[in-house]
Structure formats: C-alpha cells, structure tokens
Amino acid sequence: MKNVILKFSFVLIIAVSFSSCVSIDQQTKINKDASGNISLHYWTATSNLSMGDELGGFSFEEAQVRKKFTSLNSDVTEVKIDNVESDSTSHVRVKITFKDFNKLNEAEGFSKTKTIWKKEKDKIIFNYTLIKDTVSSDKMASDEYKLFYGFSFPDQVLTTNGNVEGNLVTWDKSLSDLNEDIVMSAEINDETGVCGLFGIELPFILLIGLSVFYRRG
C-alpha cells in the first residue's frame, strides 16, 4: 500500500512540475461585429510529452485539439501537429473562427480567459484577460516559456497597455507573469463615418434643390 501511495505521489509531482510548460503565440483578428478568427501556435519540449499527449490543459493530439477549441460559438478549421527534431520540440498550429468574441471562453481551450468587446459612444472597449495560474507561474524556469498575443482591430487604436503597430496591438509575456491576471486592454475607434449634411442627407437635399430649380425654370 505504501509503495502505491509513493508511486502516485511521484506521478502527481511530475504532472504538476510539467503543468503548462507550453509557449504560446496567439494571433487574433476581430471584426466590428465581434466575430473574427484566431491563428494559435503552441509548443513544448517533446520530452515533456513522455507521459501522454496532454500538458497543462493543452493537447497534442488532433481529435482532442479540435474538441477543446470547438463550441457553439467557435469552429476549428485547421489543425497541424509536427515535431521538430533540430530542437526536440512538438508544435500544434490551430486555426479557429468565432462568432462572438464575448463568448470565446465557451470553448474549453479558452475557459481560463475573460473577454470583453463592448461599444460605447464612438469607441469599442476591448479586454482579454488570462486568469492567473500560480502553479504554472511558480514552477522553475517559467521565464523560459513565452506567451505572445497579437490582436488586429478593425479601426484605429485609441489607447492600450500593449505595443501598437497600426491597427495591431501585441503583448509579450512569460509564464511567470501568470502569478496574477494578465490583462490586455485597448480602446478602438468606432466612428461610423461622415454623417449629417456631409453624409447620406446631403445628396437628397441637393436632389430636392435641383428639382425645385428646374420646376421654376
């Protein structure tokens, strides 16, 4: 009985030590109606998968990858899994489409995130939060595992706590940053375009004026 307990404890320690030993590069495009698409790439040392195809909530098996990122709100359109012998790493690349950014965490693969896409007057409030994971952030060498996030927005970025390149905002973090919530935020321009006399109304006024002029003539 003692041997069984010791073996279980050893397996548990190994599982915890390998939890979320994954680097992530997630690129997301969001449309004004909150729909969009995601190109997700995550990878780890192949040796970390010696106990199976699952690591810290990330799967390295195609059927499970599709299951984790599919919901009533999201669909997986492509999955590629490969091993790179030169550096002994395993990689997963996933392409995902979604209907509503606010419902992204309905998929299991995004369950540890909180999302906001909300229109206010002439701007859109954006927020993408990674919920803290103290087990992963406190593990040894957690700085080695990188978290890259990029969001392409439909209009000008007004303010953000990320790095701006045109309509693209990026965040560069590491696993150690998950000792607290990682909050990515921005405000996006949402002006509907020219309005009033310089929009739809002006052509009608001109047509009415021309009509009256020709009648009098």
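Here are five short exercises on a predicted model, each with a worked solution.

**Exercise 1. Take stock of the whole protein: how many helices and strands are there, and what percentage of the residues is buried?**

Start with the secondary structure: the protein has 4 helices and 13 strands. Next, turn to burial, where 36% of the 217 residues count as buried. Then look at the surface, which amounts to about 13100 Å², with carbon and sulfur atoms supplying 56% of it. Finally, consider the contacts between residues at least 6 apart in sequence: 59% of these join residues at least 24 apart.

**Exercise 2. Trace the sheet of 7 strands: what is the strand order, and which strands stand at the edges?**

Walk across the sheet and you will read β5-β6-β2-β1-β9-β12-β11, an open sheet with mixed pairing. β5 and β11 (163–165) each have a single partner strand, so one side of each is left without a neighbour in the sheet. Between neighbouring strands the turn averages 15 degrees, direction ignored.

Now go through some of the pairs:

- β2 and β6 run antiparallel and are joined by 10 bridges; here Ser-39 stands opposite Lys-95 of β6.
- β1 (residues 23–30) and β2 are also antiparallel, with 8 bridges, and Asp-25 has His-41 in β2 as its bridge partner.
- β1 pairs with β9 (residues 146–152) in the parallel sense over 6 bridges, and Gln-27 faces Gly-150 in β9.

One last stop is the hairpin of β1 and β2, which has 5 residues between the strands. Ala-34, in the turn, has a positive phi of about 80 degrees.

**Exercise 3. Place helix α2 against its surroundings: which of its residues are buried, and what do they pack against?**

First, pick out the buried residues of α2 (residues 62–69): Val-65, Lys-68 and Phe-69. Seen down the helix axis, these buried residues fall within an arc of 85 degrees, so they line one face of the helix. Second, ask what that face meets: the buried residues pack against β2 (36–45), β3 (54–55), β4 (58–59), β5 (74–84) and β6 (89–98). Third, check the orientation: α2 lies across β2, β5 and β6, and runs at about 145 degrees to β5.

Lys-68, a residue of α2, deserves its own step. Its relative accessible area is 7%, which is below the 20% cut-off for burial, so Lys-68 counts as buried. Leaving aside neighbours within four places in sequence, Lys-68 is in contact with Glu-54, Gly-57, Ser-59, Ala-107, Glu-108 and Gly-109.

**Exercise 4. Examine the largest nonpolar core: how many residues does it have, and which have the most contacts inside it?**

Begin with the background: in soluble globular proteins, nonpolar side chains tend to be buried together. In this model the largest nonpolar core has 43 residues. Those with the most contacts inside it are Tyr-42, Phe-101, Phe-126, Tyr-128, Phe-151 and Phe-153. Now zoom in on Phe-151: not counting residues up to four places away in sequence, Phe-151 touches Thr-28, Ile-30, Phe-101, Phe-126, Tyr-128, Asn-167, Leu-168, Val-169, Trp-171 and Met-184.

**Exercise 5. Describe the sheet of 4 strands: what is its order, and is the pairing parallel or antiparallel?**

The order is β7-β8-β13-β10, in an open sheet with antiparallel pairing. At the edges are β7 (113–120) and β10 (157–160), each pairing on one side only. From one strand to the next, the twist averages 15 degrees. To finish, follow β7 into β8 (residues 123–130): 8 bridges link these antiparallel strands, and Ile-116 stands opposite Asn-127 in β8.

Technical notes: Residues are numbered from 1 along each chain as its sequence is written. This is a predicted model: local features need pLDDT of at least 70, side-chain atom pairs count only at pLDDT 80 or more; totals for chains, interfaces and linings use all residues. Side-chain values use heavy atoms; hydrogens and water are left out. Buried means under 20% relative accessible area, exposed over 50%, partly exposed in between (1.4 Å probe, protein chains only). Helices (H or I, at least four residues) and strands (E, at least two) are DSSP runs, numbered from the N terminus. The arc is that of the directions from the helix axis to the C-beta atoms. Contact means heavy atoms within 4.5 Å. Accessible areas come from the Shrake-Rupley method with a 1.4 Å probe; for residues, only the protein chains shown count as cover. Two strands pair if DSSP finds at least two bridges between them. Axes are lines fitted to C-alpha atoms, for helices over the stretch in contact, and angles run from 0 to 180 degrees between N-to-C directions. A nonpolar core is a set of buried Ala, Val, Leu, Ile, Met, Phe, Trp, Tyr and Cys residues joined through side-chain atoms within 4.5 Å.
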